[in-house]
Amino acid sequence: MGGWMNIALLGCDALTVESAARLGNTPCGVSVHPGDNPPMRILLLTHAYNSLTQCIDAALRAQGHDTSVEFDINDAVTEEAVTLYQPDLVVAPYLRRAIPKSVWSQHICLIVHPGIEGDRGPSALDWAITLQVAQWGVTVLQAEADMDAGPVWASERFDLRQASKGSVYRHEVTQAATRCVLLAVQRFAASRTTASNPASVAWTPQRPASTQWQPLMKQPERAIDWQRDESATVLRKIRAADGFPGVADHLFDQPCHLFDAWPEDTLRGAPGAVIVQRETALCRATVDGAVWIGHVKRAGSIKLPATLAFARECEDVPELPLPDWWRAQGHTWQDIAYDEADGVATLHFEFYNGAMSTHQCERLREALIWAQQRPTTVLVLTGGHDFWSNGIHLNVIEAASIQGGSAADESWRNINAMNDLALELLCNQRQLTIAAVAGNTGAGGCFLARAADLVWLREAVLLNPHYKNMGNLYGSEYWTYSLPRRVGHEGARAIMRNRQPLSAQAAVATGFADACLPGTVAAFQAAVKQQAQNMALAPDIQAQIATKNKAREQAEAAKPLAAYRAEEMEHMRRNFYGFDPSYHVARHHFVYKTLPSWTPRHLARHRDTTGHLA
Ligand code: COA
């Protein structure tokens, strides 16, 4: 244990201290100044506890406010939540319908709109990406009878990156929205303070000079004309609809929705034709080149890797594997890539939505084994841009049952493949390993990261290092070994029981992670590279590796990793094959995106009758 901790400190003590001093209190990468405002009771009314809502919740709590969450189920439930909680303010980070008048006429309700001031309508980001605007933004406005037309409490603009709607939402929108909500809350508090203290300065929200209603973007406006649209247009259309609703199209003469588009520089074919496949993706020709389609949703089915969704049809499509793990030159589809410089090996894995199927885990393990043999002393695992990992691939598991197989068997295979991957990392004896987490990570993904010697987080990321939300899943990935070593047994129990997201800073503070670095994904990756190279050049690097190996040896002697795995998998066997179907039911609802019919009690603190959540 001591050796292990020494490694963590040797590796990044200076980094942690320096970063922490520079960062101050910045949950989700947004500066928070506790004590600026008197604490308030803030009800978060939302369609789901998605990452944006989690960030806003974390930031408000860091500022000292009391928050509680209610899902937007129906008007009566919303009214009940307001009656129970008696909030000072209602904040709606992510809603799909209007707040009832009975609520907004009695309480100030602040709506987060992912658009610039004056923009109105339900497809804000879809239009911004489609129309290729240079800048976009977020507005926090007050709910009124007309949708998105109320007075503005805060707004912010950002440069619109060429990326999918989901990616812009998870990065630029989330950061801007969190800052705007904090500012709006501060302004709201100032106006309340003014009422009791007329000497202070009130802040009055202003209506935008003009507004423009942009209607819901429908499929005809998204449609791809394969005989006319150039690759850039195809990419833009799919990105404007990704993760939802996708672009309605046909593949192999079957209706489906397209997602997860990647550029291709060199391949050519008849426009619209599927020309090759590579692992999970299909390459389709356009008038001036080709694009890769990573995921599709067939009519009546769920979103799946393209080559799985059309497995039978793909039998006739030629395969075009990449020759090696090394980063491809130019643009093409590549989910696992390796590069090496100055004694540092870097393994990238860009899996859509951070979900890792059995086969993806096996391929990543193969790449990891290869990378671990390279002549480097430091190995960095970067994960993907938006997600590092979200654990086993629930959609692919569900697909097993759709196709007449067993979801339980596929779950078992997938968790074993995740465990094999984690084990490879835990047992690396030749390098110091670093999980460099630039995007959010959840469930088993967190413990795959924790299998590395060091976990460095981008300050804006959120972790959900727990499993129970998925039908009381026990979880594996050696978490019973790695978590208590970092946070103690009681800390581990609390993390698993409370099922709360951890901001990067909180993760470092609890000991779950080792360091927290600011900036965009690119800035974070550059800083990680620099720090990793410094580590590789350190004169005592071999001594550090020897220390970690000694610590691992001692831990193995005390209790073998195989024993941890066997215990965890005994619980997982019951989750997958036992009498209680909760995991299968929860997974089914998750992948089919069933609308919730109640708010989980660990979020709806106003409904807590035990007093545990106070
Ligand atoms: N398998 C398949 N798809 C997954 C996934 C997984 N393990 N985790 C996330 N996704 C998908 C979601 O369905 C969603 O799909 P969409 O593109 O069709 O909308 C997308 O990834 C983004 O997820 P979302 O929930 O919107 O992201 P978030 O950042 O708000 O929340 C999590 C992140 C991790 C809290 C949440 O996605 C989650 O609970 N995932 C399940 C984790 C899990 O239980 N894994 C299995 C146990 S190891």
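I began at the N terminus of this predicted model, where pLDDT stays under 50 over residues 1-23, a stretch for which the model has 43 contacts beyond four places in sequence. For the protein as a whole I noted a mean pLDDT of 92, with 93% of its residues at 70 or more.

Next I looked up the second largest pocket, whose volume is about 340 Å³. I found 16 residues in its lining, and T280, L308, S357, H359 and V396 lie nearest the centre. By character, the lining divides into 5 nonpolar, 8 polar and 3 charged residues. I then traced where the lining comes from: α9 (306-309), α11 (358-372) and α12 (394-402) each supply at least two residues, and α11 gives the largest share, with 4. Both domain 2 (226-316) and domain 3 (336-591) contribute at least three residues each to this lining.

I turned to the backbone and recorded a cis peptide bond from D242 to G243, with omega near 0°, and another cis bond from F244 to P245, with omega near 5°. G243 sits in the loop between α8 (231-239) and β9 (247-251), and P245 is likewise placed in the loop between α8 and β9.

Finally, I checked positive phi values outside glycine. D342 has phi near 50° and belongs to the loop between β15 (336-341) and β16 (344-349); because its relative accessibility is 54%, I count D342 as exposed. Y478, with a positive phi of about 65°, lies in the loop between β21 (462-464) and α15 (479-498), and I enter Y478 as buried because its relative accessible area is 2%, under the 20% cut-off.

Terms used. Residues are numbered from 1 along each chain as its sequence is written. This is a predicted model: local features need pLDDT of at least 70, side-chain atom pairs count only at pLDDT 80 or more; totals for chains, interfaces and linings use all residues. Side-chain values use heavy atoms; hydrogens and water are left out. On a 1 Å grid over the protein atoms alone, a cavity is a set of points where a 1.4 Å probe fits but cannot get out, and a pocket is an open set with protein on both sides within 12 Å along at least five of seven lines; lining residues have an atom within 4 Å of a point. Grid points are joined across faces, edges and corners, and a volume is the space filled by probe spheres set on the points. Ala, Val, Leu, Ile, Met, Phe, Trp, Tyr, Cys and Pro count as nonpolar, Asp, Glu, Lys and Arg as charged, and the others, Gly among them, as polar. Domain bounds come from an automatic or database domain assignment. pLDDT is the predictor's confidence in each residue, from 0 to 100. Contact means heavy atoms within 4.5 Å. Buried means under 20% relative accessible area, exposed over 50%, partly exposed in between (1.4 Å probe, protein chains only).
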